[in-house]
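Please open the model in a viewer and keep the selection tool at hand. The tour below proceeds stop by stop, stating what to select and what is found there.

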Amino acid sequence: MMSENGTSTNRSRVPKGLEKIAVAWGSVVVSGLTMLGDISLFAIQMFRWMFTAKPKKDTLLPNFYSVGVLSLPVVALTGTFIGIVLAIQSYDQFRNMGLETRLGAVINKSLVRELGPVLAATMLAGRVGSAMAAVIGTMRVTEQIDALISMGANPIHYLVVPRFLACVMLIPALTVMADFMGIVGGYFHSVIVLGIDHAQYLRNSREFVSGFDLFSGVFKSIVFGALIAVISCYHGFHCLPGADGVGRAATTAFVQSFVMILALDIVLNLMLNGVEYALWPGGTKLF
Amino acid sequence: MAWGDQVVLMNASLLEQVLDESSPKPRALVETEGLSLRFGKQTILNEISISIPKGQTVAIIGESGCGKTMLLKTIVGLVAPTSGKIFFDGVDLKSLDDASMTGLRKRFGFVFQNAALFDSMTIEQNIAFPLKQHGIPKGKSESQLIRERLNEVGLPTNVLPKKPSQLSGGMRKRVGLARALILEPDLLLYDEPTTGLDPIMSDVINELIIRTRKRYEVTSVVITHDMHSARKIADRIIMLYPFARLKPGESQMLFDGTPDQLDSVRDRRVKQFVAGEAGERLMEMLADKGRGDLDSLRHLPEPPKEET
């Protein structure tokens, strides 16, 4: 049907509320895709700089210290707590089935494969990622990035590459630490507090946790580390002026990193499970 | 004065004029040709063509938001122009790749509005930063160069281990100048060097700009709102006006001349800026805000009447 001025009137049949919702969702999708494209270009630029010029030692070491050394205590502490909580939550269920000695297998497998890397990545995103966004954002707002460029330094090479390398190279160590402390926490609660047999607990742990589980966790953590560094630095670089802009950059960096860690965890789990089933069709079964 | 003397004077001035025209123009260190900068629909700079000869100190004045800082950032390649060309010592900046542009930046020194010192570094590391990027000139040591520049800007060596946050605004600006001078650049760009400083410290910075120019024969571009400062340091003053408020076809550069010529200018907007009077801008702002706010601003002086 055509109106008097020749334009289609189909549009008028769409309820106004629905149109508003469609427009709002459309703009969200468009801005999301634009940001994804921007982040991808930012990452490509970073990789280009990473392989064309060697980062300087004085930019690498402070970042390695901040990511590795300063994050270690908090990762170790939260890892321990997670191990204990897992033991507390699982004990009753396993005792009802008479399988409490298998608790070690469940706690350790969950930690090594899933909780360790996700926990280490979450801690890194919260402690280091948001700080990266805030520091780079402040440098943007106070013209320090312009000063870097005006003095012939490339800000991607100078600010982003060292942070990326620090995250990627040290998150496996943080993950192993979270795994280890979680295992210690789970063991402590299961054996010392709940009185599960020490020898059986350890035997089951050894039997059901494979090298591939450890590899999966560490592999995932490397991907998470890369993601945190790129997202956080991107938001720092695109920080809006003022204190509000810096605060928003830090918050957005953490929220997006966290959501992406969990989303990517699903994809990586599906992929790694596929690889595991292909390599060891029988696998190891808890029950 | 006798008629004969007048003839001699006329001949002398004619000769001067002829010599002026026949002598080659001083070579421009910086030249912009039809430089325009737009962010979306907003035009910041429109068709700006400036030629700055070697050794000249140019002050760019104009109200906030007229594009002064953007012009400076465009000249050093911090912001890419939408259209137009920028030449530095005859080289079109657009034709340079990243590596050549980085090499060229050795010849620029930029003194930022709030100094833009790196918070995470000490003053010594801040001043040494360009040396780390471009290398130390032959026959000098890093610490010798740092101490020399620090001495030139009148700062004691005990500031070297301090962090920028431990220094006052004036000291930070002087450190910023020392950092910009460390590689003895050909072009020094100052973004509002006296803003936020007390009158005495402002004059210290003005004197430093004059001394730096004499010592290094450097070409300088100074963005400022401070007319006292502009008159004191500049050989030439350019006034920019916000593009959005220009009449159709009007140039964004309302004035380009010597500080003395500024006194005889007839353009009302230039006169108001130089005198620091709100003029019709006040009326425009009131019109923007609506009649409701008029009463609260009634005590403000009436704008001067336009000269015919």
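How are α6(B) and α7(B) oriented to each other: roughly parallel or roughly antiparallel? They are roughly parallel, a label given to angles under 35 degrees, whereas angles over 145 count as roughly antiparallel, 65 to 115 as roughly perpendicular and the rest as oblique.

Before the tour continues, note that this is a predicted model, in which local features need pLDDT of at least 70, side-chain atom pairs count only at pLDDT 80 or more, and totals for chains, interfaces and linings use all residues. Residues are numbered from 1 along each chain as its sequence is written, and chains are lettered from A and ligands numbered from 1 in the order in which they are written.

**Stop 1: a helix pair in chain B**

Select residues 169-181 (α6) and 199-216 (α7) of chain B; the two axes cross at roughly 10 degrees and come within 10 Å. Axes here are lines fitted to C-alpha atoms, for helices over the stretch in contact, and angles run from 0 to 180 degrees between N-to-C directions. Helices (H or I, at least four residues) and strands (E, at least two) are DSSP runs, numbered from the N terminus. Next, display the side chains of B:G170, B:K173, B:L177 and B:L181 in α6(B), which meet B:M201, B:V204, B:I205, B:L208 and B:T212 in α7(B). A contact requires C-beta atoms, placed from the backbone, within 7 Å of each other.

**Stop 2: chain B as a whole**

Select all of chain B, whose secondary structure comes to 10 helices and 10 strands. Of its 308 residues, 35% count as buried. A residue is buried if 20 or more other C-beta atoms lie within 10 Å of its own, exposed if 12 or fewer, and partly exposed in between, with C-beta atoms placed from the backbone. Among the contacts of chain B between residues at least 6 apart in sequence, 67% join residues at least 24 apart.

**Stop 3: the enclosed strand β3**

Select residues 57-61 of chain B, strand β3. Of its 5 residues, 5 are buried, so the strand is largely enclosed by the rest of the structure. In a regular strand the side chains alternate between the two faces of the sheet. In β3(B), B:T57, B:A59 and B:I61 point one way, while B:V58 and B:I60 point the other way.

Add residues 219-223 of chain B, strand β8, which runs parallel to β3(B) and is joined to it by 4 bridges. Then add residues 236-240, strand β9 of chain B, likewise parallel to β3(B) and joined to it by 4 bridges. Two strands pair if DSSP finds at least two bridges between them. Centre the view on B:I60, which stands opposite B:I223 in β8(B) and opposite B:I238 in β9(B).

**Stop 4: an antiparallel sheet**

Move to the open sheet of 4 strands in chain B, with the order β2-β1-β4-β5 and antiparallel pairing. β2 (42-53) and β5 (91-92) stand at the edges with a single partner strand each, so one side of each is left without a neighbour in the sheet. Select residues 28-39, strand β1 of chain B, which pairs with β2(B) in the antiparallel sense over 8 bridges. Within this pair, B:L35 stands opposite B:I48 in β2(B).

**Stop 5: two positive phi values**

Which residue of strand β2 of chain B should be selected here? Choose B:E47, a residue other than glycine whose phi is near 50 degrees. B:E47 is partly exposed, with 16 other C-beta atoms within 10 Å.

Then select B:A116, in the loop between β6 (108-111) and α4 (123-134) of chain B. B:A116 is not a glycine, yet has a positive phi of about 50 degrees. With 24 C-beta neighbours inside 10 Å, B:A116 counts as buried.

**Stop 6: chain A**

Colour chain A by domain: domain 1 covers 1-38 and domain 2 covers 53-279, with bounds from an automatic or database domain assignment. Taken over C-alpha atoms, the centres of the two domains are separated by 40 Å.

Select helices α5 (residues 103-141) and α8 (residues 198-208) of chain A, which pack at an angle of about 45 degrees with axes 7 Å apart. α5(A) and α8(A) are therefore oblique to each other. Residues making the contact include A:L103 and A:N108 of α5(A) and A:Y201 and A:F208 of α8(A).

Finish at A:L72 in helix α4 (residues 72-96) of chain A. A:L72 counts as partly exposed, with 17 C-beta neighbours inside 10 Å. Not counting residues up to four places away in sequence, A:L72 touches A:L174 and A:M177. A:L72 and A:L174 are 102 residues apart along the chain, and their C-alpha atoms are separated by 6.3 Å.

Conventions: Contact = placed C-beta atoms within 7 Å.
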